[in-house]
Each structure stands twice: as C-alpha cells, then as structure tokens.
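Here is a short set of exercises to work through with the model open beside you. Try each task yourself before you read its solution.

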Amino acid sequence: MRVHFHGAAGEVTGSMHLIEAAGRRILIDCGMVQGSPEAEARNFAPFPFDAAGLDAVVLSHAHIDHVGRLPRLVMAGYRGPIYAQAATADLLPIMLLDSASLQEGDAERANRKRKHGQPRVMPLYTRADVHDTLSQVRKLPYGQRRELLPGVDLALCDAGHILGSCIVELWADDRKLVFSGDLGMKGTPILRDPETVREADLLLLESTYGNRNHRERSDTIRELGEILDAAWRDGGNVLIPAFAVGRTQELLYWFARHWDDWDMARWRIYLDSPMASKVVEVYDHHHELFDAEARAVWGGKPNPFKLPNLRVTESVEDSMAINRIHGGAIVVAGNGMANGGRILHHMRQCLPRRQTRIVFVGYQAEGTIGRRLVDGARWVRIHGHDVRVNAHRHTVGGLSAHADQQGLLDWYAGFAPPPPVALVHGEDLAREALAGEISERHGVQAMLARPGAVLDV
C-alpha cells in the first residue's frame with residue numbers, strides 16, 4: 001500500500017490523498033483550496049495524477065475543502081463511483097451546486113469588467129458539471145466493512161465533525177490505513193462523539209488545532225450570551241460568518257437551548273443563505289445520527305430550525321434588505337471564513353459601525369478576510385472597496401468543529417499499539433506542536449506530509 005499526498009499537506013484546505021493498493025488507485029477526498037486569490041487559483045491546475053485511471057473516490061465529509069473539486073475530477077475524465085456516507089451524499093448536491101453558482105457568478109462579474117481583447121474568464125465548473133458528478137455518487141452506511149474493489153475493503157466510522165463526517169478505514173495488501181478525516185470535539189451538540197479506532201498500520205491524522213486547546217464549551221456558551229447581551233445594549237447588529245453545514249446548526253441549537261435566559265425573542269435572527277433550508281431538510285431526515293440530547297431538543301419547543309423570530313432569506317433582494325437594519329439583528333451567513341458569499345455584503349455595511357459585533361465561530365484559513373480580521377486588521381478590502389474596521393471582534397473558539405490538541409491526542413491514544421502517523425490538514429506550527437506531543441507521549445515520530453510526498457505502508 002502506498003500513499004501519495006496531494007492536498008491539505010502543510011495547509012488546512014484542499015484535502016486530497018491518493019492510495020495505491022492491490023493494483024487499484026483510490027482517491028480520498030477531492031477538496032477545494034481556499035484562502036487568498038493566489039491559493040484559490042490552484043484549483044484550476046491539472047490534477048497531479050491521471051483522473052481517468054482512478055478506480056474509486058471515497059469522501060470523508062461534505063465540506064467544500066474536502067469535496068469542492070469533484071466536478072473538476074469528472075471533467076478530467078473520472079467515470080468511477082464516488083462513495084460517501086448517506087448524509088454526506090445528501091449534502092453534496094447542496095454544497096456543490098452552491099459552489100458552482102458562486103463560480104459562475106464570479107466568472108460573470110469578471111467578464112463584465114474584462115477589457116477588449118482579454119480572454120473570457122471561465123468558471124471552475126458549472127451547475128451542469130455538478131449534475132454530471134452527482135450521478136456517480138454511491139451511498140454507504142456507517143459501521144459496515146465491505147469490499148470496495150477486489151482486494152480492497154472499506155469501512156466508515158462517525159468522526160463527529162459535521163453530519164455524515166467519516167473516519168475512513170481501508171484494508172489492502174495485508175495492511176490497514178486509517179484516515180481520521182476532520183475529527184470533532186467530544187460533547188459537540190447534535191453530533192455523536194468521534195468513534196474510537198483500535199488498529200492501524202498507518203494513520204493520516206488531521207492537525208488543524210494541533211497546537212492549541214479550546215476553551216471549555218460551557219465558558220464559550222456563556223461568552224456567546226454575554227456578546228449578544230452587550231450587542232443589544234449597544235443597539236448594534238451581530239454578524240456571524242458560518243458555513244451552512246455544521247456551525248450554523250449548532251448556533252441555532254444554542255439559541256433554542258438558551259431561548260429564555262438569553263432573551264432571544266427580542267432579536268430578529270436571519271439565516272442568510274440560499275441553501276440553508278435545504279441543509280435543514282437533510283438534518284431533519286437524519287435524526288438517527290443525532291445524539292440523545294439533540295433528539296430531545298428537536299422534539300421540544302422552540303425547535304432550533306423553527307424559532308419564531310428566525311427568517312431564512314433565499315433571494316438576493318431579501319438579503320439586501322437586511323442591510324437596512326442597523327440594530328437588533330443577528331445575521332448568520334456564509335461563508336464561514338468571510339472569503340466569499342453573502343456575509344461580505346453585510347460586513348461591508350456593518351464593519352465601520354462601532355456598535356457592530358462580528359463573531360468568529362470556526363477556523364479562519366491563511367489569506368482569508370476572516371483571518372485578517374481575527375489577526376486585528378484595521379482595514380479590509382471587500383468587493384474592491386477598502387472598509388474601515390470599527391466593529392468589535394470576538395473569536396469564540398469553543399464552538400469549533402475540530403478537535404483541539406488534547407482531543408486529537410486522546411483519540412490517537414485509543415490505538416493499541418500507537419501506529420505510525422502522518423499529519424495532514426494543518427499548518428506547520430500546529431503540526432509541529434502535535435508531532436512533538438505524540439513523540440513525547442508515545443515514542444512515535446510523526447511525518448509532516450508535504451504535497452507530492454509518497455509514503456509506503
């Protein structure tokens with residue numbers, strides 16, 4: 001068995017790993033690179049392997065940095081099956097069609113501005129390309145080992161990161177490879193805890209927060225309530241960049257749980273996302289994946305997805321109307337790294353206002369507007385305009401969808417014996433810190449995967 005690292009190796013986005021085993025070639029994830037314009041331009045580059053020569057694709061979950069280049073793979077000639085856990089398969093059309101719509105919109109705007117003689121800008125892919133891709137998707141359940149290809153077996157375990165997220169187990173050539181996918185935190189609302197895996201000959205381990213621990217969730221929730229209360233006193237709006245799958249649902253969950261003590265009825269809550277209602281439907285169809293507490297909350301009142309003051313805005317006109325509201329509104333909009341999507345329109349209007357609160361509830365990749373704001377930038381450029389940042393900024397790390405350093409170490413400690421490990425899906429500072437902890441505690445020298453690196457199992 002041989003592993004080729006092609007993405008999320010030294011960075012957090014663009015997950016993509018090629019496995020050669022039993023004479024077959026399996027691609028795990030086919031994610032989009034996100035961040036600066038220079039980084040995102042890499043999505044147009046040819047794949048560093050023959051797409052048509054792949055035998056199977058396996059997905060860890062539906063976030064766009066793990067699935068966003070699937071249509072490009074099909075455009076490059078891949079015609080085989082794309083395996084995904086059932087909830088992930090249900091989320092894929094929503095995520096990829098939204099991505100295609102954004103790509104088409106960006107290309108259209110660029111072409112309106114292009115000068116005479118310049119070539120037309122083409123989108124990364126179109127909605128038609130997405131429909132071609134979706135015809136190749138095959139649904140799988142959790143917890144069943146099955147033959148993926150002759151000589152190759154596959155099983156998917158719950159990773160506790162988002163609905164349908166997976167730990168991938170592959171057996172071939174008398175060896176076993178485990179890919180952690182993106183691991184969630186224990187005790188995350190709605191989702192079950194990541195499953196423990198006992199054996200592996202090689203582990204590919206994510207390391208997004210390999211150099212830090214999150215705050216206690218109870219402290220984080222208390223802080224969120226305090227932020228909302230301060231924003232109400234100041235008469236401002238609260239902007240929350242959040243991806244449509246994962247943090248958005250958790251935020252609504254906490255709004256419902258603390259409906260009375262946070263006095264949530266006084267707010268106008270906007271879920272400003274054209275795909276939000278579709279994601280809600282997927283969650284409603286997969287209650288079997290919820291933890292026991294979430295099932296109880298969903299059966300109570302108020303239901304997180306049916307809050308009496310919640311407005312799901314789908315049209316552009318409804319989204320624009322939110323910007324006429326200068327106080328008393330909570331706006332949850334994508335994308336989660338504030339590098340595109342509707343949140344940018346709201347930020348352009350609200351960031352100069354001192355009474356505004358902007359709350360970051362997830363990881364902000366290098367090169368994104370979200371990362372620049374977290375790092376303290378006083379000015380950001382949005383849609384070609386320089387915007388002064390006077391708003392209050394809050395980073396609420398305890399709501400992260402990713403396990404922190406201790407969570408990663410605890411999950412790794414479940415293996416017996418501790419396997420060789422290659423760290424992926426993390427920047428170098430995070431990976432180096434996690435590698436040091438693994439070495440000190442378990443005597444295992446972790447590899448820091450690099451693009452193009454090859455590792456035999």
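**Exercise 1.** Find the residues that Ser 165 is in contact with, leaving aside its neighbours within four places in sequence.

*Solution.* Start with the cut-off: contact means heavy atoms within 4.5 Å. With that rule, Ser 165 is in contact with Ser 60, His 61, Thr 88, Tyr 142, Cys 157, Asp 158, Ala 159 and Gly 160. Next, place the residue: Ser 165 lies in the loop between β8 and β9 (166–172). Helices (H or I, at least four residues) and strands (E, at least two) are DSSP runs, numbered from the N terminus. Finally, Ser 165 counts as buried because its relative accessibility is 0%; buried means under 20% relative accessible area, exposed over 50%, and partly exposed in between, with a 1.4 Å probe and protein chains only.

A word on the ground rules: this is a predicted model, in which local features need pLDDT of at least 70 and side-chain atom pairs count only at pLDDT 80 or more, while totals for chains, interfaces and linings use all residues. Residues are numbered from 1 along each chain as its sequence is written, and side-chain values use heavy atoms, with hydrogens and water left out.

**Exercise 2.** Work out where Ala 84 lies and which residues it touches, not counting those up to four places away in sequence.

*Solution.* First, locate Ala 84 in strand β5 (residues 82–85). Then list what Ala 84 touches: Leu 59, Ala 89, Arg 138, Lys 139, Leu 140 and Leu 156. Ala 84 is buried, with a relative accessible area of 0%.

**Exercise 3.** Which strands stand at the edges of the open sheet of seven strands?

*Solution.* Begin with the pairing rule: two strands pair if DSSP finds at least two bridges between them. The order that results is β7-β8-β9-β10-β11-β20-β21, with mixed pairing. The edges are β7 (146–149) and β21 (447–448); each has a single partner strand, so one side of each is left without a neighbour in the sheet. At the β7 end, three bridges join β7 to strand β8 (residues 152–158), and the two run antiparallel. One pair to look for is Leu 149 with its bridge partner Val 152 in β8.

**Exercise 4.** Trace what the buried residues of α6 pack against, then examine one of those elements, β12.

*Solution.* Helix α6 (residues 217–234) has 18 residues and reaches 26 Å from its first C-alpha to its last. That is close to the 26 Å expected at 1.5 Å a residue, where the expected span is 1.5 Å times one less than the number of residues. Its buried residues include Ile 221, Leu 224, Leu 228 and Ala 231. They pack against β12 (238–241), α7 (247–257), β15 (329–333), β16 (357–360) and β19 (392–395). Just after α6 comes Gly 235, with a positive phi near 80°.

Now turn to β12. Val 238 and Ile 240 point one way, Leu 239 and Pro 241 the other way, and all are buried. Four bridges join β12 to β15 in parallel, with Pro 241 opposite Ala 333. On β16, two bridges also pair in the parallel sense, and Val 238 has Arg 357 as its bridge partner. As for α7, 10 of its 11 residues are buried.

**Exercise 5.** Which peptide bonds are cis at Asn 335 and Pro 417, and where do these residues sit?

*Solution.* The bond joining Gly 334 and Asn 335 is cis, with omega about 5°, and Asn 335 is in the loop between β15 and α11 (343–350). The bond from Ala 416 to Pro 417 is also cis, with omega near -5°; Pro 417 is in the loop between α13 (405–412) and β20 (421–424).

**Exercise 6.** Ala 22 and Asp 29 have a positive phi: is each buried or partly exposed?

*Solution.* Ala 22, with phi near 55°, is found in the loop between β2 (16–21) and β3 (24–28). Ala 22 counts as partly exposed because its relative accessibility is 30%. Asp 29 has a phi of about 70° and is found in the loop between β3 and α1 (37–40). Asp 29 counts as buried, at 0% relative accessibility.
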